[in-house]
Amino acid sequence: MKPPPFEYRAPTTVEEACAVLASLEDAKVLAGGQSLVPLLNFRLARPAYIVDINRIAAIDRIYERDGGVAVQALARQAAVEDSEIVARVCPLLTAAVRLVAHRVIRNRGTLCGNLAHADPASELPAVLLALGGHVVARSIRGERVIEADRLFSGVMETILAPDELLVEAWFPASSQPFAVIEESRRHGDFALAGVVRAVDRLALFGVAPTPVLADPRDPARGLQPSGDLEATAEFRLHLVRVLTGKAFAA
Amino acid sequence: MKVNSVVYPTPADPRRLLSDHLRHDLGLTGTHVGCEHGVCGCCTVLLDGAPVRSCLLLAVQAEGHEVTTIEGLASDAAPLHPVQQAFHECHGLQCGFCTPGFVLAVVGLLAQHPNPTPEQVDEGIAGNLCRCTGYASIRRAVHRAAELSQK
């Protein structure tokens, strides 16, 4: 339960981080480390290089732009949870971030890291998808905007290139009614299944390799969730229907 | 890095976890190691005043930061920190393995909510596992700690 050997880099600017990422093979970005370090400890991840972005100053802002809220790479989930801007502009995000693990984890974990990690059972990718937000990726080749519906490509996979750094996530303002509801075995655990409602849009998490948009009138259509010791595929489909019903009852 | 107000050199090996650095290099064995993947909460320490998992932090990441472990909690003036005093008074521990992590998580909880509601207490300690007490006495200890902290 100790990390495997790796070379450590700690750039101090975004430009330097991009240059380092461009120059290395098999590098992994370390932000909050609340997903990556367990993977290292379990030896499920064995990157040759760790690029720690925590030494980069002034990339932890949460600010309003283009009628929504932008969250930079090093903004901790706890800061998002406590942010008055997020609570006013995008209260759906405030509600969702409270469901991410526990406060002690959120003190360190970052919102952008959560998106880049792309765990299919995670709440925040589904929120980004339901609201139609985007992320901003930077590399030595420049900056590009990736819409939420293109970002997630598989289980813990995004279309981010190996040399790209996710520098910012942008969430449109959330309007009433909204809801984020999940079912998990224990408080703070990953959800067996969950739903995000943003007015008439519905995104599901925990039931497919990526978060998916679904029809609120028939949310389980076409889904083929996996079954495991925690929940059978059938039970996950049941949860999708029940949780969607709850989310759209209001 | 500073640990309990004492400056220490940063370990050379980047894969050294902060939890192992505290225990094996600095001899601060009050930080307990349970699951080593962020679930149990035993290894919780304060990083610049906020509770974090020391098993999910590389020791090199603490360079330039202030770490507080259970050994550094009480002041010279008082043998026990108010949260430690409350756990003692309310029997908020049995075997004691999880206790350092609970105490530091509760310090963080009370900094965020000086007068926590029962729901906030449950939320605040939900990330720490105790296999002895059944949590009832820990909940009481948190409320007692809030009282003691305000005196």
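Student: Which residue forms a salt bridge with A:Glu81, the closest N and O atoms being 2.9 Å apart?

Tutor: That partner is A:Arg103. A salt bridge here is a side-chain nitrogen of Lys or Arg within 4 Å of a carboxyl oxygen of Asp or Glu. The general idea is that side chains of opposite charge can pair when their charged atoms come close. This pair links distant parts of the chain, with A:Glu81 in helix α3 of chain A and A:Arg103 in helix α6 of chain A, 22 residues apart. Helices (H or I, at least four residues) and strands (E, at least two) are DSSP runs, numbered from the N terminus.

Student: Good to know! What should I keep in mind about the model and its numbering?

Tutor: It is a predicted model, in which local features need pLDDT of at least 70 and side-chain atom pairs count only at pLDDT 80 or more, while totals for chains, interfaces and linings use all residues. Residues are numbered from 1 along each chain as its sequence is written, chains are lettered from A and ligands numbered from 1 in the order in which they are written, and side-chain values use heavy atoms, leaving out hydrogens and water.

Student: Are A:Glu81 and A:Arg103 buried or exposed?

Tutor: Both are buried. Buried means under 20% relative accessible area, exposed over 50%, and partly exposed in between (1.4 Å probe, protein chains only). For A:Glu81 the value is 9%.

Student: Which other side chain meets A:Glu81 in a salt bridge, at 3.9 Å, N to O?

Tutor: A:Arg98 does. A:Arg98 lies in the loop between α5 (91-97) and α6 (103-106), and A:Glu81 in α3 (77-82), so this pair ties together parts 17 residues apart in sequence. A:Arg98 is partly exposed, at 46%. A:Glu81, A:Asp82, A:Arg98, A:Arg103, A:Arg106 and B:Glu123 are linked in a network of salt bridges.

Student: How many salt bridges are there between chain B and chain A?

Tutor: The count is three. A:Lys2 forms a salt bridge with B:Glu36, with the closest N and O atoms 2.6 Å apart.

Student: How many residues of each chain are in contact?

Tutor: Contact means heavy atoms within 4.5 Å. By that rule, 28 residues of chain B touch 30 residues of chain A. The two chains bury about 2,300 Å² between them, 56% of it on carbon and sulfur atoms; buried area is the accessible area (1.4 Å probe) that two parts lose on being put together, summed over both. In chain B, the residues losing the most area to chain A are B:Arg15, B:Leu56 and B:Gln61, together 27% of what that side buries.
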